[in-house]
Amino acid sequence: MPRPERTRVMCVANQKGGVGKTTTTVNLAVALALHGNRVLVVDLDPQGNASTGLNVPHHTGVPDVYDCLINSVPLEDVAQAVEGIPNLWCVPATIDLAGAEIELVSVVARESRLQRAIAGYPGHFDYIFIDCPPSLGLLTVNALVAAQEVLIPIQCEYYALEGLNQLINNINLVRQHLNPRLEVSTILLTMYDRRTRLADAVEQDVRNHFGDKVLQAVIPRNVRVSEAPSYGQSVMTYDPGSRGATSYFEAAQEIAERGAVAPVSRNA
């Protein structure tokens with residue numbers, strides 16, 4: 001896969017739960033890393049599911065992203081290499097992160113803590129994926145301030161469209177006040193069931209509204225995608241020949257070929 005000229009920092013966000021944010025983050029990161037890109041995953045969800053999916057230890061006591069946000073610990077001190085996948089690192093999240101929303105309220109420059117941690121990283125990555133919690137709180141705001149691109153996974157069901165306006169409004173607010181370079185660059189349709197008319201209707205609505213920001217690759221409902229995390233793996237390594245794996249590979253290929261929409265500096 002082609003490598004971008006500069007680091008692409010992508011925030012995977014949607015305040016609705018269960019739309020495939022973590023699954024998308026993990027599988028895109030693994031697909032890009034397996035094909036020659038240097039990738040960092042920042043798990044910003046207190047549930048730590050991205051850490052689980054990459055088989056990275058995230059029990060209490062493990063240095064995690066909370067230490068970076070609250071105690072200004074350098075990111076390189078908490079990043080862990082992902083076993084079995086060269087070029088892939090993960091900054092885990094432990095349950096400590098659940099209290100970070102409250103603790104950040106009184107911290108100076110609370111919205112840009114993650115941005116400063118990423119900017120201070122001495123190494124170079126081609127991609128940094130930030131897996132957001134299913135909310136629009138301070139953790140998600142930190143991710144939006146740190147990123148240049150937003151990737152929104154949208155489940156192919158009616159409810160998925162309901163909260164989308166609020167998310168876009170919040171992204172616009174962050175762009176106006178905190179991060180003028182922020183852009184919604186990618187929309188990915190997930191949990192697509194070709195047997196239903198509803199999935200087709202949702203797809204048409206999303207494509208009509210967002211145009212070419214919507215990837216041509218669509219992620220189907222696939223049992224292998226759901227099984228993989230229970231083995232501490234991505235579907236890319238668990239069952240590379242499954243429909244879920246090939247769909248995520250196609251999505252990663254498309255993202256790589258589209259190139260950076262709003263690139264950041266080489267040392268980000």
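A helix here is a DSSP run of type H or I that is at least four residues long, and helices are numbered from the N terminus. That naming will help as we walk through this structure, which is a predicted model.

Let's put the definition to use straight away. Glu227 and Arg224 both belong to helix α10, where they sit 3 residues apart, about one turn of the helix. Their side chains meet in a salt bridge, with an N to O distance of 2.8 Å. In general, side chains of opposite charge can pair when their charged atoms come close. Arg224 has a second partner too: its side chain forms a salt bridge with Asp239, at 2.9 Å from N to O. This second pair links distant parts of the chain, since Arg224 is in helix α10 while Asp239 is in the loop between α11 (235–238) and α12 (243–258), 15 residues away. Through these shared partners, Arg224, Glu227 and Asp239 are joined into one network.

Are the members of this network buried, exposed or something in between? Glu227 is partly exposed because its relative accessible area, 26%, falls between the 20% and 50% cut-offs. The relative accessible area of Arg224 is 32%, so Arg224 is partly exposed. Asp239, at 21%, is partly exposed as well.

The whole structure holds 10 salt bridges, and another one is worth a visit. The side chains of Arg3 and Asp126 meet at 2.9 Å, N to O. Here the partners are 123 residues apart: Arg3 lies in the segment before β1 (8–12), and Asp126 lies in the loop between α5 (113–119) and β5 (127–131). What about their surroundings? Arg3 is partly exposed, with a relative accessible area of 47%. Asp126, by contrast, has a relative accessible area of 1%, so Asp126 counts as buried.

Now to the sheet. Strands of a sheet pair through backbone hydrogen bonds, either parallel or antiparallel. In this model an open sheet of 7 strands runs in the order β3-β4-β2-β5-β1-β6-β7, and its pairing is mixed. Its edge strands, β3 and β7 (183–190), each pair on one side only. If you start at the β3 edge, you will find β3 and β4 running antiparallel, joined by 2 bridges. One residue to look for is Gln80, whose bridge partner in β4 is Cys90.

Between β3 (80–81) and β4 (88–91) there is a loop, and Asn87 is found in it. Most residues other than glycine have a negative phi. Asn87 has a positive phi of about 75°, although it is not a glycine. With a relative accessibility of 27%, Asn87 counts as partly exposed. Asn55 also has a positive phi, near 60°, and is likewise a residue other than glycine. You can find Asn55 in the loop between α2 (49–53) and α3 (65–71). Its relative accessibility is 47%, which means Asn55 counts as partly exposed.

For the wider setting, the unreviewed UniProt entry annotates residues 8–184 as "domain: AAA". Across residues 8–184, the chain is 37% helix and 17% strand, and the C-alpha atoms at the two ends are 13 Å apart. Helix α8 (residues 164–177) contains Val174. At 6% relative accessibility, Val174 lies under the 20% cut-off, so Val174 counts as buried. The C-alpha atoms of Val174 and Val145 are separated by 7.0 Å, while the two residues are 29 residues apart along the chain.

Our last stop is empty space. Rolling a probe the size of a water molecule over the atoms shows where such space is left. The largest pocket has a volume of about 540 Å³. Which residues lie nearest its centre? They are Gly20, Lys21, Thr22, Thr23 and Met191, out of 30 residues that line the largest pocket. The elements that each give two or more residues to this lining are α1 (21–34), α2 and α10 (223–227). Of the elements, α1 gives the most, with 5 residues. Sorted by class, the lining of the largest pocket has 15 polar, 12 nonpolar and 3 charged residues. Helix α10 therefore appears twice on our tour: the lining draws two or more residues from α10, and α10 is also where Glu227 and Arg224 both lie.

How values were computed: Residues numbered from 1 in each chain as written. Predicted model: local features only at pLDDT ≥ 70, side-chain atom pairs only at ≥ 80, totals over all residues. Heavy atoms only, no water. UniProt positions renumbered as here; feature names shortened; annotations may be inferred. Buried < 20%, exposed > 50% of the residue type's maximum accessible area, 1.4 Å probe, protein only. 1 Å grid on protein atoms, 1.4 Å probe; cavity = no way out; pocket = protein on both sides within 12 Å on 5 of 7 lines; lining within 4 Å. Points joined across faces, edges and corners; volume = space filled by probe spheres on them. Nonpolar A, V, L, I, M, F, W, Y, C, P; charged D, E, K, R; others polar. Pairing = 2+ DSSP bridges. Salt bridge = Lys/Arg side-chain N within 4 Å of Asp/Glu carboxyl O.
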